[in-house]
Amino acid sequence: MLRSAAARPPSLVQTELNGSISLAAAGSWTAANVHELERFIEEARATCGGHRLAAVGAGGITELDTFGATLLSQLTLVSSTAGPPARIVDLEDRFVDLYAQVHRFSAVPHAPAERHNDLVVRLEALGKATVSAIHDLASLAAMLGQICVAFTRTLLRPSSFRLTSAVHHLDRVAWQAVPIILLITFLIGAIIAQQGIFHFRKFGADEYVVDMVGILVLREIGVLIVAIMVAGRSGSSYTAELGSMKMREEIDALQTMGLDPVEVLILPRVIALIIALPILTFLGSMSALYGGELVCWLYGGMAPDIFIARLKEAISITHFKVGMIKSPFMALVIGAVACAQGLKVKGSSESLGLETTASVVKAIFLVIVLDGVFAIFFASIDM
Amino acid sequence: MDTLISVRDLVVGFGQRTVLNGVSFDVRQGEIFGFVGGSGSGKSVLLRTIIGLLPVREGTIEVLGTELSQASEQARQAIQRRWGVLFQQGALFSSLTVIQNVQFPLREFLNLSPGLLDDIARVKLEMVGIKADDHNKLPSELSGGMTKRVALARSLAMDPELVFLDEPTSGLDPISAGDFDELIKTLQKTLGLTVFMITHDLETLHAVCDRIGVLADGKIVACGPMETILKSTHPWAVSYFHGRRGGALAARHLTKAE
């Protein structure tokens, strides 16, 4: 910083002589006065626009920094008439180097921003979104394929399976998730029962509440709620973990050591999830049924033994199987989406956030689509 | 000549361990002051203490005429705007482009028009040798040398009087490191900067620094221009400056001085 003792307010004085204008700059041309300086430039541009600008006297400048120098350099270009740009004269020696350095770079006219047709921009965005959706599907399919390959390889060579890692992840996604899953499914079961009693009572069909709670929980709600919870809880953490490993080149490091990141990092995570989800689904369904039973008893006045007797009539093992069969497939989808998104993370922390959000949204969406496909399938085989 | 940084009897430690034990030195206006010391000798701790990231146990640090630990929040912020810091890894904001990184402090502290904001940032980037093609890249797309240059441009964004550099040439190849030394020297001259740097790089010390402080055992064991340092008898300084790698440079320096 070339700061001299005297910090004086900046000024720019215009004098006109035979149709050409001279400017005289003085005072502190520094960041502190940048507003005033910008105004000077605007004024100069307005008044000198059509005239030839002969020279800019800078002898009065007592302080100059890169901000002032950039503006001074812009001042030489305010005249729109043909001919060479104005020269800066009388600049104090101690500022000459700084001005020359700044002028060299700031006087380069920058390319005008390209103008785009609005419709074209929207079409382009639509096209890009379509292509990226297709890419997403492809990368999910690729991830599923890689998981299958890694799984087959581990089947052929069981000793290469990372048991410790899988158990560690199982602890995190299953054991540590139990309390929250139990709580949420308990509440959902209770709410369904309460709503059922409230509405069924109007036409005296109270006891059919048990049918509704039993079938709904075992076939759909139990597995769906648990899968959505797991996608939000464990899927997001998988994406964030893998994503930050990708950012710090840890995954590249694994690869160069001759190890397959899918086998080392992804397979144990996915397997842990595939084991965890049926367990959590079972616990969740039981908890939801318990919640329903409590509400039927306390709110609907139906004794627990009646509830259980009714439940035995209403549901069969098939309903239970339908829910349980779906859960490992949902786990696979959640795991594959989470890991595929994690590997897509690029260098920035912003992209980590974006991919984590995308992972949860896509996983939940696919879980619901998968549930729909299973519903059609089970209906057509009469299950 | 004015003193920009004045450190007196500084003691810094973590828990039981004392890292800096009675460090005193001055950095004068317009000089490039280099700090050396072995790995783990507390160089980075010293830098982080001066810029206020670590607490002081004893002693005083005066930067730009203000004792920072005593200063009010406002006074401290005013001082912080008058210095720039280049972190070892660049510490660029990963979600902003190169030019946005440089614009960030300008946008926060000065109310500039968008046009001028672009112009100033472009000038700063060109000054450190980043070409227009690279202005819209993200930090993750830059090489190590470019990251350091962009980080330097960002630290210079507010036209600071004082710049702190944490190992500016570490991780660069000798040619890039040489260019970076040259750049620091040129900018120091044109912008009238005072530079406080921490470095391992013997070449940088020889080529750029006006004065050097040597940190060992939590104290400054030698301080002064290169000639003084080369005469130091402290064992660490001797093995560093006259050792396997330093010896040749020292010999060259002495012949040049004669």
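Tutor: Before we start, one definition: domain bounds here come from an automatic or database domain assignment. Also keep in mind that this is a predicted model.

Student: Okay, which domains of chain B does the lining of the largest pocket draw on?

Tutor: Start with the pocket itself, which holds about 600 Å³ of space. It has 21 lining residues, and the closest to its centre include Trp83(B) and Phe109(B). At least three lining residues come from each of two domains of chain B, namely domain 1 (1-82 + 162-173 + 189-258) and domain 2 (90-159).

Student: Which element gives the most to that lining?

Tutor: Four elements of chain B give two or more residues to the lining of the largest pocket: α2 (73-80), β6 (83-86), α3 (98-109) and α5 (144-155). With four residues, the top contributor is α3(B).

Student: And how many of the pocket's lining residues are nonpolar?

Tutor: Sort the lining of the largest pocket by residue class. Three residues are charged and five are polar. The nonpolar ones number 13.

Student: What about enclosed spaces, then: how many residues does α6(B) give to the lining of the largest cavity?

Tutor: Searching the whole structure at 30 Å³ or more turns up two cavities, and the largest has a volume of about 50 Å³. Its lining includes Leu152(B), Val163(B), Ile184(B) and Gln188(B). The elements of chain B that give two or more residues to this lining are β7 (162-166) and α6 (174-191). The biggest share is from α6(B), and that is three residues.

Student: How many charged residues are in that cavity lining?

Tutor: Eight of the residues lining the largest cavity are nonpolar, and one is polar. That leaves the charged class, which has no residues.

Student: Let's go to the interface: how much area is buried between chain A and chain B?

Tutor: The size of an interface is often given as the accessible area lost when the parts come together, so that's the number to ask for. The contact takes 24 residues from chain A and 25 residues from chain B. Carbon and sulfur atoms give 62% of the buried area, which comes to about 2,200 Å².

Student: How many salt bridges are there across it?

Tutor: To count, a side-chain nitrogen of Lys or Arg has to be within 4 Å of a carboxyl oxygen of Asp or Glu. Applied across the interface of chain A and chain B, that rule gives zero.

Student: Last one: how far apart are the C-alpha centres of the two domains of chain A?

Tutor: Chain A splits into domain 1 (11-106) and domain 2 (132-380). Between their C-alpha centres, the distance is 68 Å.

Technical notes:
Residues are numbered from 1 along each chain as its sequence is written. Chains are lettered from A and ligands numbered from 1 in the order in which they are written. This is a predicted model: local features need pLDDT of at least 70, side-chain atom pairs count only at pLDDT 80 or more; totals for chains, interfaces and linings use all residues. Side-chain values use heavy atoms; hydrogens and water are left out. On a 1 Å grid over the protein atoms alone, a cavity is a set of points where a 1.4 Å probe fits but cannot get out, and a pocket is an open set with protein on both sides within 12 Å along at least five of seven lines; lining residues have an atom within 4 Å of a point. Grid points are joined across faces, edges and corners, and a volume is the space filled by probe spheres set on the points. Ala, Val, Leu, Ile, Met, Phe, Trp, Tyr, Cys and Pro count as nonpolar, Asp, Glu, Lys and Arg as charged, and the others, Gly among them, as polar. Contact means heavy atoms within 4.5 Å. Buried area is the accessible area (1.4 Å probe) that two parts lose on being put together, summed over both.
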